[in-house]
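Hi,

Here is the structure I promised to send over. Have a look at it first, and then read on for what I found.

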Amino acid sequence: MAVKGLWGSMDEFLNHCQQSGDSAYSAFRSLLERLEDPKTRAEARIFLSDLQKRFGSKESADQCLQTFHFLIQDIHIEQYDAYQRRKKLTMMVIPSIFIPEDWSFTFYEGLNRHPDSIFKDKTVCELGCGNGWISIAIAEKWLPLKVYGLDINPRAVKISWINLYLNALDDNGQPVYDEEGKTLLDRVEFHESDLLAYCRDNHIELERIVGCIPQILNPNPDAMSKMITENASEEFLHSLSNYCALQGFVEDQFGLGLIARAVEEGISVIKPLGIMIFNMGGRPGQRVCKRLFERRGLRVNKIWQTKILQAADTDISALVEIEKNSPHRFEFFMGLGGDKPICARTAWAYGKTGGRISHALSVFSCQLRQPNQVKVIFDFLKIGFREISNSLDLSFEDDSVADEKISFLAYLASVLKRSSFFPYEPPAGSRRFRTLIAGFMKTYHHVPLNSDNVIVFPSRDVAIENALRLFSPRLAIVDEHLSRHLPKQWLTSLAVENIEADKLSEDRLTVIEAPRQSDLMIELIKKLKPQVVVTGMAHFEAITSSAFQHLLDTTREIGSRIFLDISDHFELSSLPSSNGVLKYLAGNPLPPHAAIICGLLKNQVYSDLEVAFIISEEETIFKALSKTVELLEGNTAPISQYYYGCLLHDLLAFQLADRHLPGERKTEAKVGEMIGFASSAISVLDHAELSITETDNSSLVHMDVDQSFLPIPSSVKAAIFESFSRQNIAETEIDVTTSIKQFIKSNYGFLTTSNTEFIYADCPPPLFNKLVLCCIQEGGTLCFPAGSNGHYVSAARFLKANTLTIPTQSELGFKLTEKILAGVLNTVKRPWVYISGPTINPTGLIYNKEEMESILSICAKFGARVIIDTSFSGLEFDSKCCNGWDLEQSLAKLYCSGQPSFCVSLLGELSLKMLMGGLTFGFLVLNQPFLIDTFHSFPGLNKPHSTLKYTVKKLLDLREQKAGDLLEAIAEQKKLLGSRSKHLKETLEKCGWEVLEPHAGVSMVAKPKLEISNIREAMLKATGLCINSSSWTGIPGYSRFTFALEDNEFERTLDCIVKFEAVLKN
């Protein structure tokens, strides 16, 4: 038999094949062209039939492979007698492709263990299809809609097409139809593809992915650098069957990197209910094999396992080396009958002496646990975050934990992917989060709240302390379970006779602890008549509303305010338990003298990740408590709100809108006279220029907040995501002290000793405010240079500290000078001095090393306690003015020569320095034992969560190693800030402002040519631009502008300034 236009006879064809493997492939490629042409297809198929008959016996077939470099054989796919379709397929192979053997046969057996519906009418892909026999077998047996057989080896793809024609046509070249009237040509395609690249590039969604993918025992990273073409050498093309390149996954060390990549690519193209089925050699150990899938969010079912002999020519010495350098042990067996695993070293020794070693071969069927969310996570990882995929761990024994964590990680991934920075959120908390809390209350408890009834706090303890400071009652009764983190001074200051005589000092807040039992609490309230009550409820009392109502009635009669804690009884669940307090609120408005406190801590994934909220239906309470958050806490960590917001969203998302209407509420009872806000608090809150949140107008431009809205670099996003995706993080990975110590040494040369204490918080304000309390405790006076952080000045006054302003001079850029400082300190007893530096907030000027050493020498002379605030340093864009600090030697000398009371505390924040945007991390370095002890007597400090510490340590280490894109991003942002300051200065000067040119940081100060007493309000009303006036900066006439804004927002600010000038002219 001849094929027209190609060979005169079969012998001529075989002679051509005999020359070499490449010649044989060339001959079959020409034959494939005839098969692809409908006019010559039948003739070419008949030729293949005759060719197979020529080598009909097993011996002649084997000889054919040796002599003519090809083999045509039958593969039996079914042995069950009642099976109605074909029981065998005819397949050919050539030496440069993967030849079917135990691995692929075991894999097919695993596929056979699935029910018949597994592939019926499904879109299927086989990875590493080799000669295509499994793809064709799937199509033949299960009638899928389409099978895509993919292989990186171009010759394998060509041979697969030949095999498809061999089985789609009979020996006479006629189509073979199935019961649906289709042929294999309708159901199967083969394509050259590196894993799933073909499906991804052609937007093909798959319902089933199968793969018998080899494991690499000796990864060769250079092998894949060669060009892959069908004209490459036979040896190289055969090596593709073993994918010699490292894949960049942690599983590479076990030879599983290629399977790991296949799984991750599969996640992106598989449909939500799709199934992936993979063959896995058991050498790395069953636990490792299973974990490869589980940590990527897949449920795993091992459907088939057998043992196969280890090929005699396979070198396992690489595995021996891995065992030598790690605690991991690979799994081999002695012969096929062994049932006890042996390690690679033992297997290697046994094999060297002629023993036969085997290993397990398993087939795993996997399905995504939460398909849509897992896809979102991997979509995020593939846009430049591949390096952190090795840290991802979505494996959980408890499904409820998995649901909670995967949902949050998907939300976090979507936020980090779509947002280049953390947006501005009002001090009361994220509006989205507050709306979700109100929605949960309305939907599940029928309590008609809105977002303006909810104030968010970092923790329950912080919420309680802030509320007490706002009212400053002479006497408060606090539940003994809620008083542990209150200042010790409040708990030890009571003299009973003073209560009866009503002579308690207005500056001294006294707390009486009470048992958590309503009848005893009510008895104490009636006897002691406190101004404020803070209590929880026993579990047996919380089921009904009667105890709560009795407490409301009693405090109303006495004229006390009550804050009721429901943290222990509040459940984030679709089936929350009965809650008597919320039952009451469903039918009654919350009285003006009452508020509800709730701490959210009971999550299943991140222990100690806390956020809290207070519910009040009084607008004045809402506004005042919101201001205390900004003044005393700075903000509530955004990611804590994201996490619990995600839980709330999941509980609300499936519900129909407006279906759960609130019940009718009774008329509110009148309340008599009760304690108002402390007079000092009212004065400070009325005059402190806090961020503007009085309007829902989202078009406001905030140049009045200390937050950067510049793009967050990918290394920061990677560290944030990794901190939440990891499990079992070691203590050393969240121990930031060593990194902080190195950071302050490198940047400031700050002196530390073995007695130095490092204290951390979510942001700097709580740390600063504890220092203010230490100053008050000592009877000191806190001295601020004119031109200091207005928030800190207001916070000190809110806390009732003695404060004093140190004059500064405009010609010196409002910096401290030795002469003026000495003159002031000479008149002050127990002075404390606050200094912002090296970068000064708000002016953006810089104290150089010599200036700071001079200031510190004066402070040492008078025994002042110094707070150096470095929070706004690290973004110096004028290199001429920045020579860095190295204070170690000068501080050592001053500690020896100065007054004993002299000490320097270093306050810092890493958000600006590490380009973390709205994600903040505050640190405080204390050196003096007295100050350390006093600081810890004020315990209500909200510590950063372990995820934040992990992020910070990761970034500090990257900065120290000068690795990744972080340093480049810092340099770029410095350059951008320099350009911004220049443009803002030019615009202000054109509009008649006198500008003090900054050299660093994110803000500048400027003075309008006309004196405008209410410039902040005027600017806001005319343009929507929010700035700080001279009452914030402390510099007469000078307003502050922050300029670390998003690009479009910054351009708007320039337009607003021009517009304001036009308004003034008119």
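To start with a single residue: is Asp-398 buried, partly exposed or exposed? Keep in mind that this is a predicted model. Asp-398 turns out to be partly exposed, its relative accessible area being 37%. You'll find Asp-398 in the loop that runs between helix 15 (371-381) and helix 16 (399-418). Together with Glu-397, Asp-403 and Asp-650, Asp-398 makes up a patch of negative charge on the surface.

Now the overall picture. The chain has 1066 residues, and 59% of them are buried. Its secondary structure comes to 40 helices and 29 strands. Along the principal axes, the C-alpha atoms fill a box of roughly 115 × 70 × 70 Å. If you take the contacts between residues at least 6 apart in sequence, 77% of them join residues at least 24 apart. About 43100 Å² of the chain is exposed, with carbon and sulfur atoms supplying 49% of that area. As for charges, there are 111 positive and 130 negative ones, and the mean positions of the two sets are 1 Å apart.

On to the salt bridges. The structure holds 40 of them, and I picked out a few for you.

Arg-200 pairs with Glu-265, and their closest N and O atoms are 3.7 Å apart. Because Arg-200 sits in helix 9 (residues 197-201) and Glu-265 in helix 11 (residues 257-269), this salt bridge ties together parts that are 65 residues apart in sequence. The two ends have different surroundings: Arg-200 is partly exposed at a relative accessible area of 36%, whereas Glu-265 is buried at 13%.

Arg-516 and Asp-479 form another salt bridge, with 2.5 Å between the closest N and O atoms. This pair also links distant parts of the chain, 37 residues apart: Arg-516 is in the loop between strand 13 (510-514) and helix 21 (518-528), and Asp-479 is in strand 12 (residues 475-479). Both Arg-516 and Asp-479 are buried.

Then there is Lys-382 with Asp-379, where the closest N and O atoms are 3.4 Å apart. Here both partners are partly exposed: Lys-382 has a relative accessible area of 45%, and Asp-379 has one of 26%.

Some salt bridges join up into a network as well. Which residues does it link? They are Lys-120, Asp-121, Asp-178, Glu-180 and Arg-187.

One more element to look at is helix 24, residues 580-587. Why can we call helix 24 largely enclosed by the rest of the structure? The reason is that 7 of its 8 residues are buried, which means under 20% relative accessible area. The buried ones are Gly-580, Val-581, Leu-582, Tyr-584, Leu-585, Ala-586 and Gly-587. And what do the buried residues of helix 24 pack against? Three of the partners are helices, namely helix 17 (431-445), helix 22 (539-542) and helix 23 (546-558). The others are strand 15 (561-565) and strand 16 (594-600).

That's it from me for now.

Cheers

Definitions and conventions: Residues numbered from 1 in each chain as written. Predicted model: local features only at pLDDT ≥ 70, side-chain atom pairs only at ≥ 80, totals over all residues. Heavy atoms only, no water. Patch = residues over 30% accessible without salt bridge, like charges linked within 9 Å, V, L, I, M, F, W, Y side chains within 5 Å. Areas by Shrake-Rupley, 256 points an atom, 1.4 Å probe, with all protein chains shown as cover. Salt bridge = Lys/Arg side-chain N within 4 Å of Asp/Glu carboxyl O. Lys, Arg positive; Asp, Glu negative; His and termini not counted. Charge placed at Lys NZ, Arg CZ, Asp CG, Glu CD. Helix = DSSP H or I, 4+ residues; strand = E, 2+ residues; numbered from the N terminus. Buried < 20%, exposed > 50% of the residue type's maximum accessible area, 1.4 Å probe, protein only. Contact = heavy atoms within 4.5 Å.
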